[in-house]
Amino acid sequence: MSISLRPVIESEWSGWMMVEEEAFGAAVPPHREALFRGTAEFDRSLGAFEGDLLVGVTSVDSLTMTVPGGPIPVGGVTAVGVLPSHRRRGVLSSLMTRQLADVRERGEAVTALYASEAAIYGRFGYGRAADSVFFTIPTSGTAFVKHAPVDPALRLRIVRPVEARSVFEKIFETARGERPGLYDRTPARWDGVLSDHELDQRGAGPLRAVVVEDDDGPRGYALFRTRQSFTDHDVPDGELRLKELFGLDPAAYALLWRHLLDRDLISHVKAPSRPSDDPLVHLLAEPRKLNAGWLDDLWIRLVDVERALAARAYSAPVDVVIEVEDAVCPWNARRWRLSADTSGARCTPTEDPADLALPVTVLGAAYLGGRPLAALRAAGTVRESRAGAVRELSTAMSWEPAPWGGLMF
């Protein structure tokens with residue numbers, strides 16, 4: 001039978017969940033299913049149907065994401081799955097291609113996603129735009145460098161997470177305006193962050209929280225769990241699992257980390273997802289204690305090159321002609337003149353000769369400012385026609401701080 005595409009309606013929720021569970025090979029606990037349903041936008045879902053059978057699905061969350069220069073509307077692609085019985089039949093390609101056309105029609109110039117498998121989404125024009133690092137830190141020997149920031153006005157306050165939600169929301173709203181990749185959190189998404197079901201705990205106990213503040217109010221928070229353990233010789237061997245940590249200034253950030261590393265009965269701290277430029281790397285006198293690892297975070301796709309490149313700010317003046325290769329969104333596949341200075345950016349079609357040529361995946365990878373084009377050129381994915389054009393564009397697109405999504409959607 002042929003495959004037809006249309007939005008999934010609420011009465012078809014059980015079919016949607018069957019696709020997700022079969023595609024990812026894991027059961028979704030009822031409380032997590034309820035949280036997922038709370039964030040689902042049925043009008044932005046897209047199902048692949050073989051007759052009445054739902055065989056594939058994808059959806060979009062309407063996000064406001066920080067990019068260099070400020071927030072823009074971004075389509076957060078999520079819940080992508082195809083029944084194992086219908087793989088290799090073009091279902092995923094049909095879903096992803098149609099979704100991009102729908103996003104463009106809606107007026108969003110950029111989409112973002114977290115990839116379950118890194119090899120999949122480059123086929124559809126997504127580029128690896130942000131990285132995260134993870135730490136496994138033994139708490140012994142974690143002294144800070146001598147010049148670590150300290151503010152005597154700061155104090156710590158242990159809070160119950162459910163009672164301090166408004167404090168977390170206020171701090172996060174301030175923090176997300178500074179870092180590309182962070183996005184707005186709806187009440188339903190905050191429900192997920194603070195969910196404390198036994199299955200969320202994974203043997204590590206209830207969600208805990210600490211707030212750092214001064215007389216003017218909160219300046220940071222950390223959410224975490226602790227698992228008590230002792231060795232055979234009764235030596236404390238507890239584990240602290242960090243969920244998230246935001247500090248609005250260096251001293252608040254340092255004090256939060258000092259608190260986590262100094263908790264009694266804890267022998268090591270696990271931090272599974274931190275920005276690639278996390279200041280903790282420079283706070284520890286012995287940074288090898290971090291035992292750091294590196295993973296991909298956000299993937300970005302420019303659905304409308306013209307509007308996407310004009311929507312962000314640039315770190316240096318630039319005037320280049322870019323030839324974009326895009327087999328999935330043919331409206332992007334042409335030459336564009338990007339001109340930017342302190343007054344803003346303009347991206348317009350042009351017939352002028354190209355200064356450089358690249359696939360749309362490269363623009364997605366560089367869009368949030370964390371992926372230098374020089375490395376991509378060395379990998380053979382950028383071709384330069386005018387000497388210096390790659391360096392000019394790379395410098396202009398670079399941004400600090402590094403991009404990071406912080407929370408999977």
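These legends accompany close-up views of a predicted model.

**View 1. Helices α1 and α2 pack against each other.**
Here we look at α1, which covers residues 13-24, and α2, which covers residues 30-39. Two packed helices are described by the angle between their axes and the distance between the axes. For this pair the angle is about 115 degrees and the axes are 12 Å apart. That angle makes α1 roughly perpendicular to α2. The crossing of the two helices is right-handed. On the α1 side, Trp13, Trp16 and Met17 take part in the contact, and they meet Glu33, Phe36 and Arg37 of α2. Sorted by character, the residues of this contact are four nonpolar, no polar and two charged.

**View 2. Seven strands line up in an open sheet.**
Reading across the sheet, the order is β8-β9-β10-β11-β12-β7-β13, and the pairing is mixed. Strands β8 and β13 stand at the edges with a single partner strand each, so one side of each has no neighbour in the sheet. From one strand to the next, the twist averages 25 degrees.

**View 3. Strand β9 sits between β8 and β10 in the strand order.**
Strand β9 spans residues 208-214 and is mostly covered, with six of its seven residues buried. Strands of a sheet pair through backbone hydrogen bonds, either parallel or antiparallel. With β8, strand β9 pairs in the antiparallel sense over five bridges. Two places to look for in this pairing are Arg157, which stands opposite Val211, and Val159, which stands opposite Ala209. With β10 (residues 217-227), strand β9 again runs antiparallel, joined by seven bridges. Ala209 stands opposite Leu223 of β10. Strands β9 and β10 form a hairpin, with two residues between them.

**View 4. Strand β7 pairs with both β12 and β13.**
Strand β12 covers residues 266-275 and pairs with β7 in the antiparallel sense over six bridges. In that pairing, Pro138 stands opposite His268 of β12. Strand β13, residues 293-296, is also antiparallel to β7, over four bridges. Here two aspartates line up: Asp131 stands opposite Asp296 of β13.

**View 5. Helices α4 and α7 lie against the seven-stranded sheet.**
Helix α4 (residues 165-176) packs on the sheet and touches β8, β9, β10 and β11. The direction of α4 makes about 110 degrees with that of β10. Helix α7 (residues 250-261) lies across β7, β8, β9, β10, β11 and β12. Relative to β11, helix α7 runs at about 170 degrees.

**View 6. A five-stranded open sheet carries helix α12.**
The strand order is β17-β16-β15-β18-β19, with mixed pairing. Strands β17 (344-349) and β19 (383-384) stand at the edges, and each has a single partner strand, so one side of each is left without a neighbour in the sheet. Within the sheet, β15 (residues 318-325) and β16 (residues 335-341) pair in the antiparallel sense over six bridges. Look for Glu323, which stands opposite Arg335 in β16. Helix α12 (residues 389-397) packs on this sheet, touching β15, β16, β18 and β19. The direction of α12 makes about 100 degrees with that of β15.

**View 7. Three places with backbone geometry to look at: Arg88, Leu265 and the bond from Glu400 to Pro401.**
Most residues other than glycine have a negative phi, and most peptide bonds are trans. Arg88, though, has a positive phi, near 60 degrees. You will find Arg88 in the loop between β4 (70-82) and α3 (91-106), where it is exposed with a relative accessible area of 74%. Leu265 also has a positive phi, near 70 degrees. This leucine lies in the loop between α7 and β12 and is partly exposed, at a relative accessible area of 43%. The peptide bond joining Glu400 and Pro401 is cis, with omega about 0 degrees. Pro401 belongs to the segment after α12.

**View 8. His147 lies in a loop between two strands.**
The loop in question runs between β7 (131-138) and β8 (155-159). Is His147 buried or exposed? With a relative accessible area of 66%, His147 is exposed. Val60 is 87 residues from His147 in sequence, and their C-alpha atoms are 45 Å apart in space.

Note on methods:
Residues numbered from 1 in each chain as written. Predicted model: local features only at pLDDT ≥ 70, side-chain atom pairs only at ≥ 80, totals over all residues. Heavy atoms only, no water. Axes fitted to C-alpha atoms, helices over the stretch in contact; angles between N-to-C directions. Parallel < 35°, antiparallel > 145°, perpendicular 65-115°, else oblique. Left-handed = near helix turned anticlockwise from the far one by under 90°. Contact = heavy atoms within 4.5 Å. Nonpolar A, V, L, I, M, F, W, Y, C, P; charged D, E, K, R; others polar. Buried < 20%, exposed > 50% of the residue type's maximum accessible area, 1.4 Å probe, protein only. Pairing = 2+ DSSP bridges.
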